[in-house]
Amino acid sequence: MAASTTAPSEAQHTNAHIDPAAQVAAAGFVPVQTRSERPHSFEPSDFGAPTGREVNWKHTPVAKLAGLFSDEPGEENAVTYDLDAVEAFLEPSSDEEGPYGEFFRPEDLSSALAWKHGPRGLHIQLPAEAELDEPVVVPITGTGADKRAFGQILIEAKPHSRGTVVLDHSGSAQYAQNVEIIVRDGASLTVISLQRWDDDAVHAAAHQATVGADATLKHFVISFGGGVVRVNPSVELTGAGSEGYLYGLSYADGGQHLESQVYLHHKGAHTKGDVLYKGALQGEGAHSVWIGDVLIGADATGTDSYEANRNLVLTEGARADSIPNLEIETGDILGAGHASATGRFDDEQLFYLQARGITEEEARRLVVLGFLTDIVQRLGIPALETELLAAIEAELAEVSA
């Protein structure tokens, strides 16, 4: 289905202002609270500028994202894409052709602006039946903290294809990004969004994915760098027998804000979902936010789903907000659950290690590595796993310095 950069008809989107306070005052009804009920629109004017009172912005430092709420085009070359490694998989796309918008629907202002101002053209397509031995890596580099950019990326895995796509962000910019992911029937796709921004970067991203029958999506959000990083993945298990695995890893330093609002919608029958995000925090003002929403729809019989978030606070002055939510609209499921835990070092673990002659500093290092390595090892890319473990070691060195 061809995408349009203009507002769809009233039947295609809800023309509602996402401001709970305004909704209550003007309309006299309870504001939208659940993720499944949030309005969607391609038109930026349908969203008010966030104030921090809205349900989807209340944990975000909205003042630091103000540059991404202005309805003006971004600056040319504020963010550059190195496409040499993906040239063989690029499909020509424009406003009039390609499947942009086949599934994607913006649900906040920055996403709607990225839809309006972000150029088309970065359509990565894995051919039907293809099986890629190496990951397709897209380096995305910001060229200045004072520069604004909007981007749109479409990743499409054709039927029965197999492959991995890595979006590797670095440098600095104010960058609003939409990533549309389409996993056709029988395909198996891994998407890794890696945030290694400079400390002054601002990144707000909406990832939306649909997964077809007997298809699998593994989605990773790995955030180490950036001043404010907000990557919100939304995955719909549309086809019968589809599977979605949503994993995240973050390491927040002093003054950093790292956020993910995760939505997993079981729509087809006999679908399987697993959500696991882990984070470590250190330093004054380090802040992580994880909001996990799972919806098991009325037709999603035979579903098996679980979501969890674990946070390890390493120093005073750091804060982790963790909010799991679960909606179930059918009783015919295999299982569903959610969990959340935030805490400091386990004294028993430290005592056990120290009792065997390991210093306290080394014991703490081993505990953190053991806590975070679980996510790293799920990537399945040895070179990237080595890089991330080295990054974790570097972060830990700062604690003990």
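Helices and strands are taken here as DSSP runs, with at least four residues for a helix and at least two for a strand, numbered from the N terminus. On that basis His270 falls in the loop between β10 (257-266) and β11. The model is a predicted one, and the report moves from its overall make-up to individual residues and elements.

**Overall make-up**

The protein contains five helices and 15 strands, and buried residues make up 56% of its 401 residues. Of the contacts with a separation of 6 or more, 86% are accounted for by residues 24 or more positions apart.

**Aromatic pairs**

A pair of aromatic rings is described by the distance of the centres and the angle of the planes. Searching the whole structure yields eight aromatic pairs, and two of them are set out in the table.

| Pair | Distance of centres | Angle of planes | Class |
|---|---|---|---|
| Phe224 and Tyr251 | 6.4 Å | 20° | stacked |
| Tyr277 and Trp290 | 6.4 Å | 45° | tilted |

Phe224 and Tyr251 count as stacked because planes under 30 degrees apart fall in that class, and the angle between these two rings is 20°. Phe224 belongs to the loop between β7 (216-223) and β8 (228-237), whereas Tyr251 belongs to strand β9 (residues 243-252), so this pair ties together parts that lie 27 residues apart in sequence. Phe224 and Tyr251 are both buried.

The rings of Tyr277 and Trp290, with their planes at 45°, form a tilted pair. Tyr277 is part of strand β11 (residues 272-281) and Trp290 is part of strand β12 (residues 287-296), so the parts tied together by this pair are 13 residues apart in sequence. Tyr277 and Trp290 are likewise both buried.

Ring pairs also join Phe42, Phe104 and Trp115 into a cluster. Over the ring of Trp115 sits the charged end of Arg120, 4.4 Å from the ring centre. In another such arrangement, Arg230 lies over the face of Trp57, at 3.7 Å from the centre of the ring.

**Helix α2 and strand β6**

Trp115 is also one of the buried residues of α2, which are Leu109, Ser110, Ser111, Ala112, Leu113, Ala114 and Trp115. Because seven of the nine residues of helix α2 (residues 109-117) are buried, this helix is largely enclosed by the rest of the structure. The cover over its buried residues includes β3, β4 (162-183) and β6.

Strand β6 (residues 202-211) holds Gln208, a residue that counts as buried at 7% relative accessibility. Apart from its neighbours within four places in sequence, Gln208 is in contact with Phe103, Phe104, Arg105, Pro106, Val179, Glu180, Ile181 and Ser234. Among these partners is Phe104, which takes part in the ring cluster with Phe42 and Trp115.

**Strand β3 and Thr141**

Is Thr141, in strand β3 (residues 136-157), buried, partly exposed or exposed? With 30% relative accessibility, Thr141 counts as partly exposed. Its contacts beyond the neighbours within four places in sequence are with Ala78, Val79, Thr80, Ser170 and Gly171. Of these, Gly171 is 30 residues from Thr141 in sequence, yet the two are 5.2 Å apart in space, C-alpha to C-alpha.

**Helix α4**

Helix α4 (residues 360-376) has 17 residues and reaches 24 Å from its first C-alpha to its last, which is close to the 24 Å expected at 1.5 Å a residue. The helix nevertheless bends, by about 25° at Gly370. Its buried residues are Ala363, Val367, Val368, Leu369, Phe371, Leu372, Thr373, Ile375 and Val376.

Thr373 lies in this helix and is buried, with a relative accessible area of 16%. A polar atom of the Thr373 side chain lies 2.4 Å from the backbone oxygen of Leu369, and Leu369 is itself listed among the buried residues of α4.

**Positive phi angles in loops**

Although Asn77 is not a glycine, it has a positive phi of about 65°, and its place is the loop between α1 (20-27) and β1 (79-81). His270, also not a glycine, has a positive phi of about 55°. Since over 50% relative accessible area counts as exposed, His270 is exposed at 57%, in its loop between β10 and β11.

Technical notes. Residues numbered from 1 in each chain as written. Predicted model: local features only at pLDDT ≥ 70, side-chain atom pairs only at ≥ 80, totals over all residues. Heavy atoms only, no water. Buried < 20%, exposed > 50% of the residue type's maximum accessible area, 1.4 Å probe, protein only. Contact = heavy atoms within 4.5 Å. Phe/Tyr/Trp six-rings, centres within 6.5 Å; stacked < 30°, edge-to-face > 60°. Lys NZ or Arg CZ within 6 Å of the ring centre and 35° of its normal. Expected span 1.5 Å × (residues − 1). Bend = angle between axes of the 7 residues up to and from the residue. Polar contact = N/O pair within 3.5 Å; in protein donor to acceptor, adjacent residues only side chain to side chain.
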